Amino acid sequence: KAKEAGRARMICYETAMDTDREERNALELDLRNAIERQELTVAYQPLVDAVSHQITGVEALVRWNRPGYGPVSPDAFIPVAETSGLIEALGLLVLRKACAAARQWPDLRIAVNVSPGQFRNPAFADYVRHVLKDAAIEAERVTLEITEGYMIQNPERTRQSIERLKRLGVKVALDDFGSGFSSIGYLRQFGFDRIKIDRSLTMDVLTDSHAREMLQATVALARALDLPVTAEGIETEEQGTALQLFGCDELQGYFFGKPMPEAEISRRLAVQTARVPDRERDTAA
Ligand code: C2E
Ligand code: MG
Ligand code: MG
Ligand code: MG
């Protein structure tokens, strides 16, 4: 009896595993098609000056409207792209689109996320060089964001990859700082141009004294190393003010704008530019 029940449970478990695998395969197939048909789009989220709240850059974030399902979160399909070898094509597509879009915004920095699967390839810097050349965009305007996971596993290769990229003139930012091991030693060694503090820390800035202490210490450390700091996930004005006072020079989050289509960024920039004469008149008066 007990044996029978055990077997039934086992079969059930195997069926669940099969279903998982099938779903994953279906997702991978749909994603492959979406990449081939260029159905992935890119949304842009404002990066703002911490004091003036003016838009100084944008982060490119991939978007996928999966046929028959609706929008799928990058957190759900980027890992699949990573393990199925699709990440290089996906990453290249996003980088191309982002650089093309950036041509309309000559005053903005453009930040693009890079996965370990792209970064690991010794030819990655060459891809980047070609894309920049095709888009005729200044390398200094481009920031590539990498997370620490890969860095900790492969410190030596990471250092080499960063060096190659920096030789092109692009900037390299450490993304999601504070979400994982966040090795302080690496901050200095790798030659990052910026760190971005993860939302899991910034979200508690007003409510949790330990999070606040960690944030203050982290920003102070980064500044001691002459590294500018972006605070991610700012959802209220008060959170933004606190992080600005701690020393962040750049803020990002729903309070300033969710990821949005290219045209909406252009519209906001037009409004922002139109406001400048007002401000100059005010100070002159
Ligand atoms: P990330 O690079 O840390 O990007 C920030 C994520 O936080 C974005 O989620 C953004 O929509 C979200 N976010 C920004 N402000 C707020 C806020 O105030 N509140 C909340 N709740 N969320 C906020 P998204 O677009 O879902 O992307 C998730 C992650 O997927 C990204 O985290 C990045 O690691 C990865 N990703 C997105 N696009 C790409 C891409 O083109 N290539 C690669 N390799 N990874 C990407
Ligand atoms: Mg990012
Ligand atoms: Mg991040
Ligand atoms: Mg993230």
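I began with ligand 1 and found one of its oxygen atoms 2.8 Å from a backbone N or O atom of Y254. I note at the start that this is a predicted model.

**Entry: how covered is ligand 1?**
I looked up how much of ligand 1 the protein covers, and the value is 85% of the 810 Å² of accessible area that the ligand has on its own. I then checked the pockets, and the space taken by ligand 1 is the largest pocket.

**Entry: polar contacts of ligand 1**
I listed two more polar contacts. A polar side-chain atom of E235 lies 2.5 Å from a nitrogen atom of ligand 1. A polar backbone atom of V62 is 3.2 Å from a nitrogen atom of the ligand.

**Entry: the shell around ligand 1**
I found 21 residues around ligand 1, and R63, N113, S115, E235 and Y254 come nearest. I sorted the shell by residue type and wrote down eight nonpolar, five polar and eight charged residues. Which elements each supply at least two residues of this shell? I noted β2 (55–66), α2 (74–83) and β6 (171–177). The largest share, four residues, comes from β2.

**Entry: the magnesium ion, ligand 2**
I turned to the metals. Which residues are the protein donors of the magnesium ion (ligand 2)? They are E59 (OE), N113 (OD1), E145 (OE) and D175 (OD), at 2.0 to 2.2 Å from the ion. I wrote their spacing along the chain as E-x53-N-x31-E-x29-D. Distant parts of the chain are linked here: E59 is in strand β2 and E145 in strand β5 (residues 142–146), 86 residues apart. I also saw N113 again, as it is among the residues that come nearest to ligand 1.

**Entry: the magnesium ion, ligand 3**
I did the lookup for the magnesium ion (ligand 3). Its protein donors are D175 (OD), D176 (OD), E232 (OE) and E232 (OE), lying 2.0 to 2.5 Å from it; I note that E232 is listed twice. The spacing along the chain is D-D-x55-E. This site, too, links distant parts of the chain, with D176 in strand β6 and E232 in the loop between β8 (229–231) and α11 (237–246), 56 residues apart.

**Entry: the two ions together**
I looked up how far apart the two magnesium ions (ligand 2 and ligand 3) are, and the value is 4.0 Å. Which residue bridges them? I found that D175 coordinates both.

Technical notes: Residues numbered from 1 in each chain as written. Chains lettered and ligands numbered in written order. Predicted model: local features only at pLDDT ≥ 70, side-chain atom pairs only at ≥ 80, totals over all residues. Heavy atoms only, no water. Near = heavy atom within 4 Å. Polar contact = N/O pair within 3.5 Å; in protein donor to acceptor, adjacent residues only side chain to side chain. Areas by Shrake-Rupley, 256 points an atom, 1.4 Å probe, with all protein chains shown as cover. 1 Å grid on protein atoms, 1.4 Å probe; cavity = no way out; pocket = protein on both sides within 12 Å on 5 of 7 lines; lining within 4 Å. Sits in = over half its atoms within 2 Å of the grid points. Nonpolar A, V, L, I, M, F, W, Y, C, P; charged D, E, K, R; others polar. Donors = N, O, S within 2.8 Å, 3.2 Å for Na, K, Ca; no water.
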